[in-house]
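Welcome! Here is a short round of questions and answers to go with the model on your screen.

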Amino acid sequence: ELSRKSGLSKRYWFYGACYEEAVIGEMYYNATACISPGNVGLTAIHSLMYGCPVITHSDFSKQMPEFEAIRVGSTGDFFEYGNAGSLAETIEAWLKGHYPKNEALRNDCFRIIDEKFNPYYQIKVLNSQLLTLNS
């Protein structure tokens with residue numbers, strides 16, 4: 001409603017709830033960034049899997065572990081927790097520096113998932129910790 005009243009409805013599109021992975025994947029793939037103003041959690045991994053960088057808050061004590069997949073400038077960015085102005089500035093800076101999203105940026109997102117945020121890597125980490133405990 002706010003978008004429509006302010007004359008911006010042609011620039012912004014609010015899709016609503018969706019549970020179809022093909023649709024979700026297409027949206028992430030075509031989005032410039034995923035903005036997660038709250039705690040990001042698995043949303044970060046889901047977004048990065050489709051080549052979409054993530055912008056979320058910088059209070060890591062409140063974040064879920066998945067925030068670690070965000071690399072400033074390549075897989076996303078952080079804004080100051082609780083500061084709407086900082087969120088707006090971070091989004092604006094991201095758009096100025098990364099629009100339109102290119103293949104190199106998508107590949108950065110894919111790479112972090114392929115390297116660290118997948119079941120195979122996580123099993124490897126768990127096994128190394130278990131072996132250390134058993135030694």
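Q: In the loop between which helices is the place of Leu8?

A: This is a predicted model, in which local features need pLDDT of at least 70 and side-chain atom pairs count only at pLDDT 80 or more, while totals for chains, interfaces and linings use all residues. Residues are numbered from 1 along each chain as its sequence is written, and side-chain values use heavy atoms, leaving out hydrogens and water. Helices (H or I, at least four residues) and strands (E, at least two) are DSSP runs, numbered from the N terminus. Leu8 sits in the loop between α1 (2-5) and α2 (21-30).

Q: Which residues make the nonpolar surface patch with Leu8?

A: Patches take residues with over 30% relative accessible area and no salt bridge (a side-chain nitrogen of Lys or Arg within 4 Å of a carboxyl oxygen of Asp or Glu). Like charges are joined within 9 Å and nonpolar side chains (Val, Leu, Ile, Met, Phe, Trp, Tyr) within 5 Å, with areas from the Shrake-Rupley method, a 1.4 Å probe and only the protein chains shown as cover for residues. Leu8 has 34% relative accessibility and so counts as partly exposed (buried is under 20%, exposed over 50%, partly exposed in between). The patch covers about 340 Å², and the partners of Leu8 in it are Tyr12 and Phe14.

Q: In which sense do β1 and β2 pair?

A: Two strands pair if DSSP finds at least two bridges between them. Strand β1 (residues 34-36) and strand β2 (residues 54-57) have three bridges, and Ile35 has Ile55 in β2 as its bridge partner. The sense of the β1 and β2 pairing is parallel.

Q: Which residue in β3 is the bridge partner of Thr56?

A: β2 also pairs with strand β3 (residues 76-79), in the parallel sense and over four bridges. The bridge partner of Thr56 in β3 is Phe78.

Q: Why is there no bond between the sulfurs of Cys34 and Cys52?

A: Cys34 counts as buried at 10% relative accessibility, and Cys52 is buried at 0%. A disulfide is a pair of cysteine sulfur atoms within 2.5 Å, and the structure holds zero of them. The closest cysteine sulfur to that of Cys34 is in Cys52, too far for a bond because the distance is 5.7 Å.

Q: What distance separates the C-alpha atoms of Phe79 and Leu130?

A: Phe79 belongs to strand β3 and is buried, with a relative accessible area of 5%. Leu130 is 51 residues from Phe79 along the chain, and their C-alpha atoms are separated by 36 Å.

Key:
Buried means under 20% relative accessible area, exposed over 50%, partly exposed in between (1.4 Å probe, protein chains only).
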